[in-house]
Protein chains: 2
Amino acid sequence: MDAMTPPLVAHKDRLRLWIRLLRAARVVEGELRERLKTQFEMTLPRFDVMSALYRERDGMLMSDLSRFLLVSNGNVTGIVDRLVSDGFVVRSNREGDRRTSIVRLTEAGEIRFAEMASAHENWIEELLKDISEEDARRLSSMLKAFRSNWEAEH
Amino acid sequence: MDAMTPPLVAHKDRLRLWIRLLRAARVVEGELRERLKTQFEMTLPRFDVMSALYRERDGMLMSDLSRFLLVSNGNVTGIVDRLVSDGFVVRSNREGDRRTSIVRLTEAGEIRFAEMASAHENWIEELLKDISEEDARRLSSMLKAFRSNWEAEH
DNA sequence: GAAAAATACTTCAACCTTGAAAGTTTATGC
DNA sequence: GCATAAACTTTCAAGGTTGAAGTATTTTTC
């Protein structure tokens, strides 16, 4: 064998990273989905919408939700519909623009989300406990930079 | 203000990491989905199944696929059904156990996957280009450790 | 070897998701 | 002002996803 033989599979580091990242995300997401369902009778997509609305107490447009959550418009329509019939969310008309309506949490929605958010935070701490806080911070800022670059390009 | 006042929001590093990781994964996944669709008329779940079968040329059981891809059994049934009608996959009976069948790529499936895999690898390189190879390796091994710990505990 | 348990898979209802098409309303150009 | 474009949302079909229930087969237990 030639001592100078180059590696047969070079520059695959990013591909491997992507695969592992995806699998880790799936594992954690599956666990969260299950706990939300059993402990709060809640789905992950609905939790995500409520989370966005909890940050924006004055409400959001459907398109705001769609953009923020990175999902399609039609998708948000269905999820909000179900949250409305759950009694956690309301659509209210907006003065001066009859195309849009503002989506807000109801009081029941705020109370329920606060409960879930508290549990959710603990679950994440538990599920990611094997990642040191140091690593978490470094990785987190790496991902922030990644996202910033992405936003700048798209 | 008390100089010793502790941070109001401590130990949120992992939560922030999780949120950013999820968003990054969604951005990349959305891009991959769109490219697979427009350039290969292929969905991401079907690509994932073909990818698993390409690694295991002798074929896999449905339950192997389910376990490997981290999705439910019923889900795999549907995706494989569609891949069979696409002509990319076959189910063949297995001697000695009539509960199971071996799922394999057809020759057309192997050829098609090889084309897609090549493009896919380039896409990942492109999409993750802002992550240095050094960072990619470090993060990758961090995620590997995370997954190993997870497996050990579950 | 019959009964019970375990294994492998499919079916199904409910929900999530996308992308395209269509509806409504508002803004723009002339 | 009127036509056109743009913006915002919903609808719909096709597909993905889960978890529970059901079917079939094999293995285990006694």
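**Note on the surface near DNA strand C and the nonpolar core**

1. Helix H4 of chain A, with four residues, gives the most to the surface near DNA strand C, where near means that a heavy atom of the residue lies within 4 Å of the strand, and where helices are DSSP runs of H or I with at least four residues, numbered from the N terminus. The model is predicted, so that local features need pLDDT of at least 70 and side-chain atom pairs count only at pLDDT 80 or more, while totals for chains, interfaces and linings use all residues. Residues are numbered from 1 along each chain as its sequence is written, chains are lettered from A and ligands numbered from 1 in the order in which they are written, and side-chain values use heavy atoms, leaving out hydrogens and water.

2. Among the 26 residues around DNA strand C, those that come nearest are A:Ser72, A:Arg82, A:Arg98, B:Ser63 and B:Thr77. Of the strand's atoms within 4 Å of the protein, 81% belong to sugar or phosphate, and the rest belong to bases.

3. Phosphate oxygens of DNA strand C make polar contacts (pairs of N or O atoms within 3.5 Å): one lies 2.8 Å from a side-chain N or O atom of A:Thr43, and one lies 2.7 Å from a side-chain N or O atom of B:Thr77.

4. The largest nonpolar core has 90 residues, and A:Trp18, A:Leu65, B:Trp18 and B:Leu65 have the most contacts inside it; such a core is a set of buried nonpolar residues joined through side-chain atoms within 4.5 Å, buried meaning under 20% relative accessible area with a 1.4 Å probe, protein chains only.

Notes: A polar contact is a pair of N or O atoms within 3.5 Å; within protein, one must be able to donate a hydrogen and the other to accept it, and residues adjacent in sequence count only if both atoms are side-chain atoms. Helices (H or I, at least four residues) and strands (E, at least two) are DSSP runs, numbered from the N terminus. Buried means under 20% relative accessible area, exposed over 50%, partly exposed in between (1.4 Å probe, protein chains only).
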